[in-house]
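Trainee: Before we look at any details, could you take me through the reasoning behind the words used for this structure?
Mentor: Gladly; here it is, and we can begin with a term.

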Amino acid sequence: MTTETRRTGAAGTGAAEHGGPAVLVVQHEEDAGPGLVGEHLVRTGLRLDVVRAWKCEALPESLDGHAGLLVLGGSANCEDDEAAPWLPRVRALVREAVAGEVPLLGICLGGQIVAQALGGSVARRPRGPEVGAVPLRRLSAAGGDPVLGGVPEGAPAAQWHWDEVDRLPAGAVPLLTGDDCPYQAFRVGGAAWAVQFHPEAGAETVAAWAAADGEQLRSEGGDPGAAVASVREAEPELRAVWGAVSEAWGTVVRAHADARGL
């Protein structure tokens, strides 16, 4: 299945020539693509305009022509502009999306960028990395949320992060939490969502991360093999729960596109 559109210029001028509305996807590194989320967005009739930022592909100056913004995960710190010099442009796009109520979804690093760009803060986890399939808890505001409202209590989520949001932006609404990470999902305004976990990842992806980060994880007391095994065991539920969430966000994007004539 084709899930992405090759961009034709720095502003993505060819992104919406054919097919349904386009979602601008910021990908920070090779092994952290849109995955399961991307597959389900395509099922809702959207196309993915993927910018491979680590390959020096230019991000657009604005979100004009895009119906949504998806910011993926990665290993960089959300404030490390030297290691990831495209981050200032990502922050600007995040702020534009929130100001214009363009549907936004930030995943792991992407969620941390959302928090930091809007006035929250991100810190290294003092308890060490959170990895593997971890159960989440619903908060009261989740019930009426159009994207995360259907997530069942105790649903597992694939985790792989050393940093976490430690202060939400002003006005942010927390939606999901966990025993070891308080801000697992939150919403800002009417159309921006951020999650700390990886709804796009299955066991194969987590196994690749474990191969890359295993030595560091073991040095901090973690067990990469157990993390991969937990995701593999939970994968059917991960796919069902987060596939439905992805399509719910896709429905929000489609409604925005229809309202704006995109």
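Mentor: Buried means under 20% relative accessible area, and exposed means over 50%. Please keep in mind that this is a predicted model.

Trainee: Why is Trp 160 called buried or exposed?
Mentor: The relative accessibility of Trp 160 is 7%, which is under 20%, so Trp 160 counts as buried.

Trainee: And what makes Cys 56 buried or exposed?
Mentor: Cys 56 has a relative accessible area of 71%, and because this is over 50%, Cys 56 is exposed.

Trainee: How do you know whether Cys 78 is in a disulfide or in none?
Mentor: A search of the whole structure finds zero disulfides. For Cys 78, the nearest cysteine sulfur is that of Cys 108, 11 Å away, whereas a disulfide needs the sulfur atoms within 2.5 Å, and therefore Cys 78 is in no disulfide.

Trainee: Why is the pair of Trp 160 and Trp 162 called edge-to-face?
Mentor: The ring centres of Trp 160 and Trp 162 lie 6.2 Å apart, within the 6.5 Å that a pair requires, and their planes stand at 65°, which is over 60, so this pair is edge-to-face.

Trainee: What makes the pair of Trp 160 and Trp 209 tilted?
Mentor: Their centres are 6.4 Å apart with 45° between the planes, and because that angle is neither under 30 nor over 60 degrees, the pair counts as tilted. Since Trp 160 lies in strand E9 and Trp 209 in helix H4, this pair ties together parts that are 49 residues apart in sequence. Together, Trp 160, Trp 162 and Trp 209 form one aromatic cluster.

Conventions:
Residues numbered from 1 in each chain as written. Predicted model: local features only at pLDDT ≥ 70, side-chain atom pairs only at ≥ 80, totals over all residues. Heavy atoms only, no water. Buried < 20%, exposed > 50% of the residue type's maximum accessible area, 1.4 Å probe, protein only. Phe/Tyr/Trp six-rings, centres within 6.5 Å; stacked < 30°, edge-to-face > 60°. Helix = DSSP H or I, 4+ residues; strand = E, 2+ residues; numbered from the N terminus.
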